[in-house]
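Open your viewer and get ready to click around. We'll go stop by stop, and at each one you'll hear what to select and what is there.

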Amino acid sequence: MAGIIPDTFHKAQSAIMGSKGDKISDLSQDTKEMSEKDRLTTDYGVKQTNPEDWLKVVSEDKTGPMLLEDSFARERIHRFDHERIPERVVHARGSGAFGKFKVYESAEDVTFAPVLTDTSRETPVFVRFSTVLGSRGSADTVRDVRGFAIKFYTEEGNWDIVGNDIPVFFIQDAIKFPDIIHAGKPEPHNEVPQAQSAHNNFWDFQFSHTEATHMFMWAMSDRGIPRSYRMMQGFGVNTFTLLNARGERHFVKFIFTPELGVHSLVWDEALKLAGQDPDFHRKDLWEAIENGAFPKWKFGIQVIPEADEHNFDFDILDATKVWPEDLVPTRYIGELELNRNVDEFFTQTEQVAFCTSHAVPGIGFSNDPLLQGRNFSYFDTQLSRLGTNWQELPINRPVCPVMNFNRDGAMRHTITKGTVNYWPNRFEHAKPATNEEGGYVEYAEKMAGIKARARSTKFREHFSQAQLFWNSMSPIERNHITNALAFELDHCEDSVVYERMVNRLTDIDLGLAQAVAGMVGGEMPTEANRPNHGLRAPGLSQTEFPGATPTIKSRRIAIIVADGYDPVAYAAAYSAISAGMAIPLVISTRRSKITAAGGSSSVMPHHHLEGFRSTMVDALFIPGGEQSVNTLAKSGRAMHWIREAFGHLKAIGATGEAVELVRYAVALPQVTVSASGDVMESYGVVTLRQTMPESFKEVVQIAKGTKAFMEEFFFAIAQHRNWDRELDGLHNQV
Ligand code: HDD
């Protein structure tokens, strides 16, 4: 008998997993799909005839009482009553997808973990993005930190990086987590506001708890309102460790930088989207993956040898500090790609459970006091959210064999054969792995110190990096931070809260404090609490991550038409947009057939101007056509679309008669549009005056002009937004 049980189990496991440890084939074991051949059954498998009537006493003319004996009906109601599980206490609102991770440069100098050294390996991953404060049904585009949690299904076990889109955190020690979350969540007396940091309690805490200063500056920056999950950086935030084959240890930070660049919404747009399309980020991710525009991130590490731990002004274990790039450059060594949407939201995105404590040999933890506390918290929360056997759920189970003596508990799924459930046992079943067999060995770190509720000295400095961050921002980013703080503090009714906070800003920068005080009220500060050290660092401003190559790929571009539109310009734009792997969305006054000028062609719009809004697209194109343009000019909503897109700094393209329409809508002398047949670009408004061709020669000319126009228009879109409009104060048209 000895040895048989583990072997059979291993065989069964590898049959399930497929030869390459592929998570998708692993999941297929538990996936079923409905078809018309299937028949309705109860959960215990008995076919049912009528799911619409509860068993009851009836006669021709009288409906009598329902019968409790209807176990089918009771099963349906009972299952429905228990559909909800507790939502995550934080990061409840989220969206996830599958993908793969690969290193292209081995990090074997610092780690022996194959996931970071084996360049031939593709590791399956599941990534869940989220907001922090809102509940499960809250809007995607609120101002908040975004979660960026990755489960790597490695051949050595699951490795989870549970990160954010911001590289620092509000607190240094995990014991403070309930306070920061309570302060940010809806207030206890009336459960207001939902998914917002703009309220008294949040800012009261920020004032009282100075170590949060650096992080709130990040949250108030454009990082707090990303354009897309696909356009955010991801940071492991905490300090982890890597161990190499020589037994040397390094401290490490993990970083993901998106191929598409780091881009944000503008605030007015984010506010409106929260009502107009609360699922904006969720749909964006889904749509990109379905369209084959797979989001990709470069994976990087910042590494500090163990011996250099104390060579910095800040403590490298303090999660409220970044490791500035000029001191510790990021080394990009791999790539993360998301390429498959989930089959079912609940069983995959909702039931996925991450634990910071899940690491594989070669990767370990530091004494970062936030990380140590997290290592306790995540495991604990999964127990209350999902139950004891949460690690057996298909989305959570590893793709490598699992064999141990953990047993029983509610909803145990695995059936482990054999007579022993303890170690040591006489059969040597499931014996501990040696080092050589890949067993996880904790690093033998020397420890000294006294037992105390305290932190080391460097943890007490809280403002230097908040200044560094502020100093490193571009003028536009500073504008946005100022306005964000002014918005948030305006929502604090308690004058103690906003007056103290305005004063706190003088610990960062007097100019910032004065600008906010000028809008929010309270005493105008005249002196800085602390001089600004004037230092800057690379890698903090998101403008430094414009994207690998400027691209319109996966951007939504609205083509606005009405009856009588110019079919040549329309068709040229539609096909060029599609060829650029962007998404053309035809928008019109109604969602039914729209006929082109001359009646030779027509189009069925995707949406009408009232149903869809300019906030949901990245750019507008309006082809000419006299009748079409006249109709749009008379439509208040069409004019609002153009003005709003202009106010939100989006590229606008117009040809033929539509050039005049845009000039009329925007009505700003600074924005010039072409008066000839030439392509003209002014503040991201790209125009081409030519009207519909009347001869073949004109067709050729127009084709050339159109090509130049498209190039210029696409360039404007690829810049993401036209910041010059904001710098020159032209954007307040929303
Ligand atoms: Fe946390 C969820 C990120 C500090 C306790 N956290 C959660 C998620 C992310 C983060 C992305 C959602 C995971 C998912 O998609 O399922 N959390 C962070 C980061 C932190 C951080 C980057 C700072 C570096 N968290 C933190 C602390 C504690 C927690 C200090 C507690 C001591 N976090 C939790 C939690 C959650 C969670 C209560 C809720 C749901 C879950 O874990 O699975 O345990």
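**Stop 1: around the ligand.** Select the ligand and the residues near it (C-beta atom, placed from the backbone, within 6 Å). You should get a shell of 26 residues, and the closest are Arg88, His91, Gly147, Val237 and Ser377. Before you go on, know that this is a predicted model: local features need pLDDT of at least 70, side-chain atom pairs count only at pLDDT 80 or more, and totals for chains, interfaces and linings use all residues. Residue numbers start from 1 along each chain as its sequence is written.

Now colour the shell by class. It has 13 nonpolar, 10 polar and 3 charged residues. Here Ala, Val, Leu, Ile, Met, Phe, Trp, Tyr, Cys and Pro count as nonpolar, Asp, Glu, Lys and Arg as charged, and the others, Gly among them, as polar.

Which elements each supply at least two residues of the shell around the ligand? They are β4 (123–131), β5 (146–154), β6 (157–164) and α11 (369–386). The largest share, 6 residues, comes from α11. These labels are DSSP runs numbered from the N terminus: helices are H or I with at least four residues, strands are E with at least two.

**Stop 2: Tyr378.** Stay on helix α11 and pick out tyrosine 378, which sits in it. An unreviewed UniProt entry places the feature "binding site" at Tyr378. UniProt positions are given in the numbering used here, feature names are shortened, and annotations may be inferred rather than shown by experiment.

Is tyrosine 378 buried or partly exposed? It counts as partly exposed, because it has 18 C-beta neighbours inside 10 Å. The cut-offs: buried takes 20 or more other C-beta atoms within 10 Å of a residue's own, exposed 12 or fewer, and partly exposed is in between, with C-beta atoms placed from the backbone. Leaving out residues up to four places away in sequence, tyrosine 378 touches Val162, Phe354, Cys355, Thr356 and Ser357. Contact here means C-beta atoms, placed from the backbone, within 7 Å.

**Stop 3: His91 and Asn164.** Select this pair next: the unreviewed UniProt entry puts the feature "active site" at His91 and Asn164. They are spread over 74 residues of sequence, yet they cluster in space, with a largest C-alpha distance of 10.5 Å.

- Histidine 91 is in the loop between α3 (71–81) and β3 (94–103). It counts as buried because it has 22 C-beta neighbours inside 10 Å. Beyond residues up to four places away in sequence, histidine 91 touches Ser130, Val132 and Gly147.
- Asparagine 164 is in strand β6. It is buried, with 25 other C-beta atoms within 10 Å. With residues up to four places away in sequence not counted, asparagine 164 touches Val145, Arg146, Gly147, Phe148, Phe235 and Val237.

**Stop 4: two helices.** Jump to helix α5 (residues 177–184) and find isoleucine 180. It counts as buried because it has 21 C-beta neighbours inside 10 Å. Neighbours within four places in sequence aside, isoleucine 180 is in contact with Phe170, Ile171 and Phe205. Try the distance tool too: isoleucine 180 and histidine 209 are 29 residues apart in sequence and 9.2 Å apart in space, C-alpha to C-alpha.

Then highlight helix α12 (residues 464–472), whose buried residues are Gln465, Ala466, Gln467, Leu468, Phe469 and Trp470. Show α7 (213–220) and α15 (510–520) as well, since those buried residues pack against them.

**Stop 5: strand β21.** Select residues 685–688. Both faces of this strand are covered: Val685 and Thr687 on one side and Val686 and Leu688 on the other are all buried. In a regular strand the side chains alternate between the two faces of the sheet.

Now add the partners (strands pair if DSSP finds at least two bridges between them). Strand β19 (residues 651–655) runs parallel to β21, joined by 4 bridges, and alanine 654 stands opposite threonine 687. Strand β20 (residues 679–682) pairs with β21 in the antiparallel sense over 4 bridges, and glutamate 681 stands opposite valine 686. The hairpin of β20 and β21 has 2 residues between the strands, and there tyrosine 683 takes a positive phi near 50°.

**Last stop: zoom out.** Show the whole chain, with its 21 helices and 21 strands. Its C-alpha trace spans about 95 × 85 × 60 Å along the principal axes. Buried residues make up 44% of the 734 residues.

Definitions and conventions
Contact = placed C-beta atoms within 7 Å.
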